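Subject: Structure handover

Hi,

Here is the structure I promised to pass on to you. Have a look at it first, and then read my notes underneath.

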Amino acid sequence: TEAVSVGLFTYPVLMAADILLYQADRVPVGEDQRQHLELARDMVRRWTDIYNKGGPFKKRCKAAGIPSFPTFTEPEAMIVKEGGARVMSLADGSSKMSKSDPNDASRINVLDPPDVIRSKIKKCKTDAFKGLEWGNKERPEATNLLTIFQAVQPGRTKEDILKEVGEMSWGEFKPVLTDAIIAHLEPIQNRYHEIRNDEEYLMSVLREGSDSANEIASKTLKAARVSMGFVNRD
């Protein structure tokens with residue numbers, strides 16, 4: 001326990017606070033974040049049981065001019081079931097792909113230019129087996145690269161993909177995978193650069209988002225204070 005970071009305890013709480021403050025009802029998370037979302041759901045239920053029931057609660061809400069609803073919304077997890085729910089590292093098919101990995105070659109960044117993507121896929125870890133397949137525990141890289149291939153082509157099934165590339169060698173598959181990734185990211189990158197080049201529009205969207213978030217957060221904080229019986233500061 002001496003080597004455990006305080007972040008192990010504070011991160012899930014901060015994540016829950018961000019979700020609950022803005023009344024999110026659905027949250028896109030990876031499978032490894034599901035337990036953090038469950039903590040947020042537990043907090044909502046606990047808060048509701050303690051502070052959002054009974055006559056005194058309803059009287060405080062009426063006096064403050066707010067509905068006597070539960071303070072927080074219980075969020076649901078949005079987890080992709082197929083094609084990319086858990087993308088692994090390009091350097092190690094058994095480790096999660098992460099933007100915090102010091103090895104930039106272990107991941108595809110959304111803004112990576114085509115030549116960088118080609119280089120990363122060309123150098124990514126593979127194996128010595130023939131052909132491509134999903135689900136073989138001895139071939140995590142095969143499963144991972146096929147998963148990425150499916151993720152950048154929404155709507156395609158594993159069976160459909162294997163008919164196309166299942167008999168390919170790594171040398172044949174990597175260029176096909178690279179082209180699919182580049183084609184998938186191109187419209188996203190184009191839109192990004194379009195927005196970044198329009199400073200006035202970008203700032204207006206940021207201000208609008210900030211105002212909307214502040215409005216929601218203020219209502220949530222007021223409801224929380226009223227629920228707990230604190231003096232209304234309005």
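Below is what I found, starting with the charged pairs and moving on to the nonpolar cores.

One thing to keep in mind: this is a predicted model.

**Salt bridges**

The count comes to 17 salt bridges. A good one to begin with is the pair formed by arginine 41 and glutamate 74, whose closest N and O atoms are 3.2 Å apart. Arginine 41 sits in helix H2 (residues 34-51), while glutamate 74 is in the loop between helix H3 (55-64) and strand E2 (76-78), so this bridge ties together parts that are 33 residues apart in sequence. Are the two ends buried or exposed? Arginine 41 is buried, at a relative accessible area of 12%; because the cut-off for buried is under 20%, that value qualifies. Glutamate 74, at 31%, is partly exposed.

Next, try aspartate 112 and lysine 120, whose side chains meet in a salt bridge at 2.7 Å, N to O. Here aspartate 112 counts as buried, with 8% relative accessibility, and lysine 120 is buried too, with a relative accessible area of 6%.

Arginine 156 and aspartate 160 also pair up through their side chains, at 2.7 Å from N to O. Aspartate 160 is partly exposed, its relative accessible area being 32%.

Some of the bridges share partners, and in that way Glu38, Arg41, Asp42, Arg45, Glu74 and Glu76 are joined into one network. You'll recognise Arg41 and Glu74 there from the pair I started with.

**Nonpolar cores**

In soluble globular proteins, nonpolar side chains tend to be buried together. So what does the largest nonpolar core look like in this model, and which residues have the most contacts inside it? That core has 23 residues, and the ones with the most contacts within it are Leu145, Val165, Phe173, Leu177 and Ile181. Four helices each supply at least two of its residues: H4 (114-123), H5 (140-151), H6 (158-165) and H7 (170-196). The largest share, 7 residues, comes from H7.

If you want one residue to click on, pick leucine 177. Leaving aside residues up to four places away in sequence, leucine 177 touches Ile121, Leu145, Ile148 and Phe149.

There is also a second, separate core, made up of 13 residues, with Met15, Ile19, Val29 and Ala224 among them.

Cheers

How values were computed
Residues are numbered from 1 along each chain as its sequence is written. This is a predicted model: local features need pLDDT of at least 70, side-chain atom pairs count only at pLDDT 80 or more; totals for chains, interfaces and linings use all residues. Side-chain values use heavy atoms; hydrogens and water are left out. A salt bridge is a side-chain nitrogen of Lys or Arg within 4 Å of a carboxyl oxygen of Asp or Glu. Buried means under 20% relative accessible area, exposed over 50%, partly exposed in between (1.4 Å probe, protein chains only). A nonpolar core is a set of buried Ala, Val, Leu, Ile, Met, Phe, Trp, Tyr and Cys residues joined through side-chain atoms within 4.5 Å. Contact means heavy atoms within 4.5 Å.
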